[in-house]
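Trainee: Hi! Could you walk me through this one?
Mentor: Happy to, let's have it up on the screen.

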Amino acid sequence: MTELASRTETHTPTGTTHLLEVDDIRLSFKGVKAIDGVSFHVDEGELFAIIGPNGAGKTSIFNSINQLYRPQQGDIRWKGRSLMGLKPNKTAELGIARTFQNIALFPHMTVVENILTGRHIRMKTSWVAGALWVGPAKREEIANRAKVEDIIDFLEIEQWRKHPVGMLPYGVQKRVELGRALAMEPELLLLDEPVAGMNLEETEDMARFILDIQDELGIAMILVEHDMGLVMDIADRVMVVDFGRKIAEGTPDVVQKNPDVIKAYLGEEFEGAE
Amino acid sequence: MRGRPLLFTSYEADQALMPTTTKKVALTVFLVALVLVPVYDVIPFAPDFLAKDDWLKVLTNVMIFAIGALGLNILTGLAGQVSLGHAFFMGLGAYTAAALGAPEGPLVGLGLPMWIWLPAAAVVPALVGVLVGPTAVRVRGLYLAIVTLGLVFIGEYLFRNTESWTGGSQAGRTFPRFQFRFWKEEEPLVDFSRKGEWFGIELSNEAKTYILLLGFAIVATLIAKNIQRTRVGRAFQAIRDRDIAAEVMGVDEFRYKLLAFGISSAFAGVSGALLASFVGRTIPERWDLLLSVQFIAIILIGGAGTVTGTLMGALFVIALPRVVQDFTAWLSDKIDAGEGIIAKVGDVFIATSGDDFGIVNTLPGTGPGLSVFQLNLVIYGLLIIVFLIFEPLGLYGIWLRVRNYWKGWPFTY
């Protein structure tokens, strides 16, 4: 933490501190510009959506927040402190959870074990205590098992509790992954295409869970999604990116009317032909 | 809950090691059966051949290899890091034990009691594992296998050239015996290396050693199982299945890979020390690649990532040579008698005299065909391939299928 404390001094947050502030980050892979100067902020309890065509850099933004990618320029601040240069697992400890576009569950473990893995940062006993199954470790395991049950209940996946997740249907796996992220008790949840490939019913279930997370748990979320109907219905604010640049930001109805957004999604009318 | 063994009413019951009564009873019966092996010759209907000293030795070896394999299972099965360096850490454990526990003499030996040399045989390899770990955990998959392969050869070279510790090539050295002492007193408190009477039963030294190592194997199994089902075990498996997701969950990949290396090396060290002490005298060449491969065979044949599978694998791989040997001996007896279909078929496979053709040659010395030892290697290799292709969960997978079949019987699911 001392490392973190010294970082904060170099940044004097201007005005009010947001939960997450992304400040003009630029990320390129050998000349390919994945993110080309994107800035935005997310406040506590807010549901912020990022949309944009394929390859616009949405997932790269997520990976930068997690510090899986290291942007060459710019800054990402968490409650006023810079996240830049931290190990990915430190971002988790600070309270940032994440789901993946292509499900990244641990396929050989059961639903309970997967969600318990999400409890990793909330558990403290050493591996020695665990190996000997002595008092504190045993109590902690059992207490966290109970927490997992709350999440299983919240996401309505009771019937799959003891199944290895690799064998579960796609929609259920998406829910388990959400559960694993929730188990971390995060303050910010990064949802990478939570309803991709889902049918209407599954999508609506997921939308309900996302709204419940916002209302009941008060967790802020960044949602990357291609399902425009869903995004426009549930997001508080929307940011549109294209070719690594931000082209619009605002409430859903404002963004929908933005000519640049329409251009990015529908293409430009050919005006040269009179 | 009577009649509903899988209906748990507390999280403690849900997470128990032995959640159902059936499992508890089966395990108790199994453990009692294991403890009683040395007196099978007086128990009616028991397989009395197991109580013979040479078979007890085979079973003792199974226990020793099980301990080492449980360690490799944590590294390879749980954390997913393939290591061929297990033999090196076993050697390290063995020589640590020798330096501390062997009686003073021409070679390094402090004559310290077992409660010092055995834990030290875990700690020293673990520390070395954590020291060399950072180089190894940067690479993954095949590259890691190659790096750890190098470790075996470096180790063998070191062991051969530190003669005051290891006795040097071909000569070897003696290792401390299984004796419990407080300190360096003359008469040991409990002596497992000499025959004697326990609770009114006359036991050979093989029988006593077997019981001691059975105890160690049980403790090692419990530790391995607890590691697997608690926080650290889940972190290992998370790294194995999806390393990026694991990191984003807050698992420090580097730290946990290193930890897996350390724990695995500790198990290997204990296993090596026990093996050397059990054999009594060992040359540096004992800790070679073949030994590492045997451990890989154990966890792959048994079922990587499962404790039960690892134990089954240890029994299978270590007892197999003995079974093959007994079988070929039995077959050549039949051939010599020259009767029946068994003799005719067996004759094709086994060469019993110098000019006889056979795939397997039981005669001492060289000749056409494979020796029993080579036959074992061929069988290991075949089994690893067969299991990898047809049953990746190994013997444990087969066991699961049999168990689930009978669970639902007479229905198919």
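Mentor: Let's start in chain B, where 28 Å separate the centres of domain 1 and domain 2, taken over C-alpha atoms. This is a predicted model: local features need pLDDT of at least 70 and side-chain atom pairs count only at pLDDT 80 or more, while totals for chains, interfaces and linings use all residues. Residues are numbered from 1 along each chain as its sequence is written, with chains lettered from A and ligands numbered from 1 in the order in which they are written.

Trainee: Where do those two domains of chain B lie in the sequence?
Mentor: Domain 1 covers 54-288 and domain 2 covers 306-413; such bounds come from an automatic or database domain assignment.

Trainee: How many residues are in contact between them?
Mentor: On the domain 1 side there are 12, facing 9 of domain 2 of chain B. Contact here has a cut-off: the C-beta atoms, placed from the backbone, lie within 7 Å.

Trainee: Which element gives the largest share of the domain 1 side?
Mentor: That is H3(B), with 8 residues. Helices (H or I, at least four residues) and strands (E, at least two) are DSSP runs, numbered from the N terminus.

Trainee: Switching topic, how do H12 and H15 of chain B sit together?
Mentor: The axes of H12 (residues 289-302) and H15 (residues 372-390) come within 9 Å and cross at roughly 40 degrees. Axes are lines fitted to C-alpha atoms, for helices over the stretch in contact, and angles run from 0 to 180 degrees between N-to-C directions.

Trainee: Which residues of H12(B) meet H15(B)?
Mentor: Ala297(B), Leu300(B) and Ile301(B) do, and their partners in H15(B) include Tyr380(B) and Phe387(B). By class, that contact has 8 nonpolar residues, with no polar and no charged ones. Nonpolar means Ala, Val, Leu, Ile, Met, Phe, Trp, Tyr, Cys and Pro; charged means Asp, Glu, Lys and Arg; the others, Gly among them, are polar.

Trainee: Now chain A. What is the strand order in its sheet?
Mentor: The open sheet of 4 strands runs E2-E1-E4-E5, with antiparallel pairing. Two strands pair if DSSP finds at least two bridges between them. E1(A) and E4(A) pair over 5 bridges, and Leu20(A) stands opposite Trp78(A) in E4(A).

Trainee: Which helix lies across E1, E2 and E4 of chain A?
Mentor: H2(A), residues 58-65, running at about 65 degrees to E2(A).

Trainee: Last one: how many residues of chain A are in contact with chain B?
Mentor: Chain A brings 33 residues, against 26 of chain B. H6(A) supplies the largest share of the chain A side, 5 residues.

Key
Two residues are in contact if their C-beta atoms, placed from the backbone, lie within 7 Å.
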